[in-house]
Amino acid sequence: MLHDPNRVYVFDTTLRDGEQVPGCQLTTPEKIEIAHELEALGVDIIEAGFPVSSPGDFQSVVEISKAVKNPIVCALTRANKGDIDVAVESLQYAKHPRIHTGIGASDMHIKNKFNSTREEILVRAVEAVKYAKKSVEDIEFYAEDAGRADIHFLAQMIEAVIAAGATVVNIPDTNGYCLPDQYGEKIKFLKENVKNIDKAIISVHCHNDLGLATANSIAGLQNGARQIEGTINGIGERAGNTSIEEVVMILKTHQVLGLHTHINTKNFFELSRMVSAQMRMPVQPNKAIVGSNAFAHSSGIHQDGFLKNRENYEIIRPEDVGFPNASIVLTARSGRHALKFHLERLGYNLSKEELAAAYHRFLVLADNKLDINDEDLLILVGDKKFA
Ligand code: KIV
Ligand code: ZN
């Protein structure tokens, strides 16, 4: 089968990087439920856990491996034989298993986390990939803190692990440090300078410490990466990971980028709410794509423009991401077009004069009440049942 050069593979780590967040721990049945929904969403890879970290995580990887059939099921390890052995065992039922192993690539991590040297780290990286490759064909290598790593050493490391058998090379901006052009340049450098880079897919894994995770992921894709790692709702360590829904909708909206995924975007909203409920992690109302205000129009100028033509203020159709529908929210900033729209929805076609009087009463009410609902409107127009 010919490989489509413009296809971006989607690697979901909600159940691993996302689940590491304090308070977000899930039971195995909850993880299986989310895994089924991730499969329905069409993700290519599900990172199901870090099996050596706990018996519960091990069991979750086992059960998710049994539960899904299309996505690759991936297990995380550090670069040592013990972790890899446990991960291999946890993946025994996976139809498409992948081991995700790796080690620190920045001098900061090499010195202050591993108390080691670049030479020693390189040996450990290569040995881990070779060892994992004996049991599983599909090996992803992560160069932790690649965002702050020396680019020449990073290139040397990536070349060595591909030669050892890595099929995917993950370049994480572990601390969310890079600017989009810096991160894009890193990917470009690897693409142009690692001799065997065409034998592996480059993956982007960005954290959101400076609010740049999505922008950095897109910069990576524009410079040759073809796998994006992220989570639903952007949950993850500290300020979180890249939001999958954001990257996928950027690619869909900006077709000029020429990249596409196999994601069923209509499933985003429901899955977002399932993850939020199970992980006890509310979605901020102004969150792009899935926040409750993402398709709510509240100021008079916007409402008027939206009612004339939705595309004046809507670059994504809410139905494309499974959002119930766009809403015209009534506040003291709303104009009479918005009021007319809601009254007509409730079956009231007022004359110009009646509307002007109703709008006057509406403004008085809206200045004193944050949330104007249908009942308030019915009282406003003197509906007997509500008077
Ligand atoms: O952020 C990171 O570097 C990671 C790796 C373990 C892939 O999550
Ligand atoms: Zn991470």
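## A buried aspartate at the metal

Asp17 has a relative accessibility of 3%, and because buried means under 20%, this residue counts as buried. Keep in mind while you look around that this is a predicted model. Asp17 is one of the protein donors of the zinc ion (ligand 2): its OD atom, together with NE2 of His205 and NE2 of His207, lies 2.1 Å from the metal.

Written as a sequence pattern, the donor residues of the zinc ion follow the spacing D-x187-H-x1-H. Asp17 sits in helix H1 (residues 14-18), while His207 belongs to the loop between strand S7 (201-206) and helix H9 (213-222), so this pair ties together parts that are 190 residues apart in sequence. His207 is buried too, with a relative accessible area of 4%.

## Around ligand 1

Which residues surround ligand 1? The shell is made of Arg16, Asp17, Leu76, His100, Tyr142, Glu144, Asn170, Pro172, Thr174, His205 and His207. By type, these shell residues split into three nonpolar, five polar and three charged. H1, strand S5 (138-144) and strand S6 (168-173) each contribute at least two of the shell residues.

Several side chains come within polar reach of the ligand's oxygen atoms. Thr174 places a polar side-chain atom 2.7 Å from an oxygen of ligand 1. For His207, a side-chain N or O atom is 3.0 Å from a ligand 1 oxygen, and for Asp17 the distance from a polar side-chain atom to an oxygen of ligand 1 is 3.1 Å. On its own, ligand 1 would expose 260 Å², of which the protein buries 92%.

## A look at Ser272

Now for another spot worth a visit: Ser272, which is part of helix H11 (residues 268-279). Is Ser272 buried or exposed? Its relative accessibility is 0%, so Ser272 counts as buried. Leaving aside residues up to four places away in sequence, Ser272 touches Ile232, Asn233, Val283 and Val290.

## The protein as a whole

Stepping back, the protein contains 15 helices and ten strands. Its C-alpha atoms fill a box of roughly 80 × 45 × 40 Å along the principal axes. The protein has 387 residues, and 53% of them count as buried.

How do the contacts spread along the sequence? Among contacts with a separation of 6 or more, 72% are between residues 24 or more positions apart. As for the surface, the protein exposes about 17800 Å², with carbon and sulfur atoms supplying 53% of that area.

Definitions and conventions. Residues are numbered from 1 along each chain as its sequence is written. Chains are lettered from A and ligands numbered from 1 in the order in which they are written. This is a predicted model: local features need pLDDT of at least 70, side-chain atom pairs count only at pLDDT 80 or more; totals for chains, interfaces and linings use all residues. Side-chain values use heavy atoms; hydrogens and water are left out. Donors are N, O and S atoms within 2.8 Å of the metal (3.2 Å for Na, K and Ca); water is not among the atoms, so sites may look incomplete. Helices (H or I, at least four residues) and strands (E, at least two) are DSSP runs, numbered from the N terminus. Buried means under 20% relative accessible area, exposed over 50%, partly exposed in between (1.4 Å probe, protein chains only). A residue is near a molecule or strand if one of its heavy atoms lies within 4 Å of it. A polar contact is a pair of N or O atoms within 3.5 Å; within protein, one must be able to donate a hydrogen and the other to accept it, and residues adjacent in sequence count only if both atoms are side-chain atoms. Accessible areas come from the Shrake-Rupley method with a 1.4 Å probe; for residues, only the protein chains shown count as cover. Ala, Val, Leu, Ile, Met, Phe, Trp, Tyr, Cys and Pro count as nonpolar, Asp, Glu, Lys and Arg as charged, and the others, Gly among them, as polar. Contact means heavy atoms within 4.5 Å.
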